[in-house]
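Please walk through this structure with me, one element at a time. Keep the sequence and the 3D view side by side.

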Amino acid sequence: MEQLSLRTLKNLGYRGYLKEKAPIKVLQFGEGNFLRAFVEDFLDQANEKANWNGKVAVIQPTPRGRKTDIINGQDGLYTLYLRGSEKGKKVDEKRIISSIACCINPYREFDKFLEAACSPNLEFITSNTTEAGIAYDPEAKATDTPCLSFPGKLTQALYARYRKGLPGVVILSCELIDNNGTELLRCVNRHLTDWKLDDGFRAYVNEKNLFCNTLVDRIVPGSVQDAAEDAAMDAANGYTDALKNVGECFGVWVIEGPASLQDRLPFHRAGLDKFVQVVPDVAPYKKRKVRILNGAHTGFVLGAYLAGQDIVRGCMQNGTIRGFMDKMLYEEVIPTLPLDRQDLLDFAAAVADRFNNPFVNHQLLSISLNSTSKWRARNLPSFKDSLARTGTLPVCLTMSLAAYIAFYSNDIQRRDRDCLVCRRAKGNEYKVQDDAWILDFYFAHRNDAAADLAHAVLSCQDMWGEDLGAIAGLADAVTKDLARIRAEGAEKALAACL
């Protein structure tokens with residue numbers, strides 16, 4: 001079989017949508033699986049459904065990148081598979097993405113990088129250079145060809161546009177840090193100060209360009225790991241594809257900006273409001289994701305694992321565990337959140353679909369890593385807000401705290417170098433992985449009765465930032481729940497909450 005390319009598709013008589021030529025309207029830092037399953041997907045649909053007529057010039061972010069030649073060898077084309085569950089129905093779709101014009105290695109072709117940055121049609125700059133990518137590098141210089149850091153290269157790109165009198169752009173950073181756009185702008189401003197660039201450029205950066213805070217949400221497993229499945233996909237397509245990409249069908253891109261940005265972006269015109277939203281403040285949507293999606297994970301997986309489950313999908317097919325999660329979300333978490341209730345209900349329903357994805361075997365033990373800090377960040381705020389709202393301890397969130405303690409203390413076998421080894425009712429050993437001092441704490445309390453352990457954990461301010469034992473009735477409730485898990489098993493304990 002031939003490699004995927006425009007010529008190959010013509011030889012195969014391909015009749016699906018393709019955008020062969022269009023001006024460069026997006027400069028993108030990053031060539032990884034996430035951006036190609038997320039941003040490029042939405043832009044490709046904007047071309048098809050709204051005649052946006054734009055392409056992406058992808059910039060290899062590090063010297064060690066390996067995709068540039070592959071992307072260019074396939075004319076920027078690749079097959080995207082979006083798989084999952086929507087409203088209980090299995091989804092398995094594929095699409096050839098044709099929104100990439102080229103990939104540029106700026107470490108080999110610095111002039112070509114600046115040329116793409118100065119495209120007269122450029123409207124947007126996107127990025128995903130990992131959480132560590134938005135960081136100030138004091139060693140970066142304006143004369144580097146290019147700067148190693150992403151903020152350094154972005155400053156060089158914007159300065160090249162400024163010197164040519166080109167208009168500013170919208171910068172949509174997708175890195176998973178809080179206030180990603182604001183932090184990126186801060187780094188750029190530090191560079192232009194250090195490099196002693198003129199005041200006109202400072203005004204250009206801060207007044208003519210729009211740095212947006214964003215929240216992105218789509219699970220992208222990426223390349224196909226199973227060789228037989230990979231070969232079967234190629235055989236079904238009639239071509240080999242070294243860039244095939246797999247993501248879940250769910251996707252949300254929340255972009256903070258003025259209302260006018262809705263019309264400036266091509267997504268509303270393409271009917272993609274379900275996926276891309278422009279909002280005045282991204283913070284409530286961040287809270288929605290952390291409290292519902294992440295909070296659900298941390299809230300049920302530890303008890304579910306002790307109940308004998310191994311993957312998330314199995315939990316969704318267990319009536320007790322699913323009922324526990326639903327009660328926790330709909331009665332204890334959602335009423336505390338500051339967004340439209342229907343929006344929250346729709347998001348929670350989508351979360352259940354995502355957890356029930358038939359294509360993903362999401363291991364509970366992988367979610368269990370560092371559960372102490374996770375429960376503190378994801379579940380404790382919901383617990384406190386629910387308590388303040390109702391005046392009573394939230395039943396499921398209280399049980400989830402007891403399940404956390406049970407998971408960290410269940411039939412402790414030994415303290416290994418990087419973990420605590422416990423045993424569950426199935427008889428198998430499992431690893432508890434967290435900060436060393438937390439593992440030492442639980443090992444030291446391994447013989448405690450339920451009441452003593454509950455008191456020790458709740459009063460440990462280093463774990464929670466406060467003494468949870470001071471909350472009226474909580475120590476007694478957690479002790480009761482922990483004793484029930486130990487005596488009757490986790491599934492019966494979870495069922496007692498329903």
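**A sheet, a helix and some loops**

Strand S3 (residues 78-86) and S10 run parallel, joined by four bridges. The model they belong to is predicted. Two of the bridge partners can be placed in S10. Leu80 has Asn245 as its bridge partner there. Leu82 has Gly247. In general, strands of a sheet pair through backbone hydrogen bonds, either parallel or antiparallel.

Now widen the view to the sheet. It is open, with three strands in the order S4-S3-S10, and its pairing is mixed. Strand S4 (89-97) and S10 are the edge strands, each pairing on one side only. From one strand to the next, the twist averages 20°. Helix H9 (residues 227-237) lies across S3 and S4. The helix H9 runs at about 110° to S3.

Which way do the residues of strand S10 (residues 245-248) point? Asn245 and Gly247 point one way, while Val246 and Glu248 point the other way. All are buried. Asn245 and Gly247 are also the residues that partner Leu80 and Leu82.

Turn next to helix H13 (residues 319-333). How far apart are its end C-alpha atoms? They are 20 Å apart. At 1.5 Å a residue, the 15 residues of H13 should span 21 Å, so the two values agree. At the start of H13, Asn318 brings a side-chain oxygen to within 3.0 Å of the backbone nitrogen of Thr320.

Which residues of H13 are buried? They are Thr320, Ile321, Phe324, Met325, Met328, Leu329, Glu332 and Val333. These cover an arc of only 160° around the axis, which means that they sit on the same side of H13. An α-helix has 3.6 residues a turn, so residues three or four places apart point the same way. Several helices help to cover the buried residues of H13. Among them are helix H11 (283-306), helix H12 (312-316) and helix H14 (341-355). Helix H16 (371-390), helix H17 (395-409) and helix H22 (490-495) are also included.

The loop between helix H15 (364-367) and H16 holds Ser368. Is Ser368 buried or exposed? Ser368 is buried, because its relative accessible area is 3%, and the cut-off for buried is under 20%. Beyond its neighbours within four places in sequence, Ser368 is in contact with Leu302, Phe407, Tyr408 and Gln433.

Another buried loop residue is Trp52, with a relative accessible area of 5%. Trp52 sits between helix H3 (39-50) and strand S2 (55-59). What does Trp52 touch, leaving aside its neighbours within four places in sequence? Its contacts are Lys25, Val26, Leu43, Ala46, Asn47, Glu123, Phe124, Pro266 and Arg269. For a sense of scale, take Trp52 and Thr372, 320 residues apart along the chain. Their C-alpha atoms are separated by 47 Å.

Follow the contact from Trp52 to Lys25. Lys25 is part of strand S1 (residues 24-29). Lys25 is buried, with a relative accessible area of 12%. Leaving aside neighbours within four places in sequence, Lys25 is in contact with Trp52, Asn53, Gly54 and Lys55, among others. Its contacts also include Asn121, Leu122, Glu123 and Phe124. Glu123 and Phe124 are thus on the contact list of Lys25 and on that of Trp52.

Last come some backbone details. Most residues other than glycine have a negative phi, and most peptide bonds are trans. The peptide bond from Thr145 to Pro146 is cis, with omega near 0°. Pro146 lies in the loop between strand S6 (124-127) and helix H6 (150-163).

Lys196 has a positive phi, near 55°, and is not a glycine. Lys196 is in the loop between helix H7 (180-194) and helix H8 (199-208). Lys196 is exposed, with a relative accessible area of 73%. Asp411 also has a positive phi, of about 50°, without being a glycine. The loop that holds Asp411 runs between H17 and strand S13 (414-415). Asp411 is partly exposed, with a relative accessible area of 41%.

Technical notes: Residues numbered from 1 in each chain as written. Predicted model: local features only at pLDDT ≥ 70, side-chain atom pairs only at ≥ 80, totals over all residues. Heavy atoms only, no water. Expected span 1.5 Å × (residues − 1). Buried < 20%, exposed > 50% of the residue type's maximum accessible area, 1.4 Å probe, protein only. Arc of directions from axis to C-beta. Contact = heavy atoms within 4.5 Å. Polar contact = N/O pair within 3.5 Å; in protein donor to acceptor, adjacent residues only side chain to side chain. Pairing = 2+ DSSP bridges. Axes fitted to C-alpha atoms, helices over the stretch in contact; angles between N-to-C directions.
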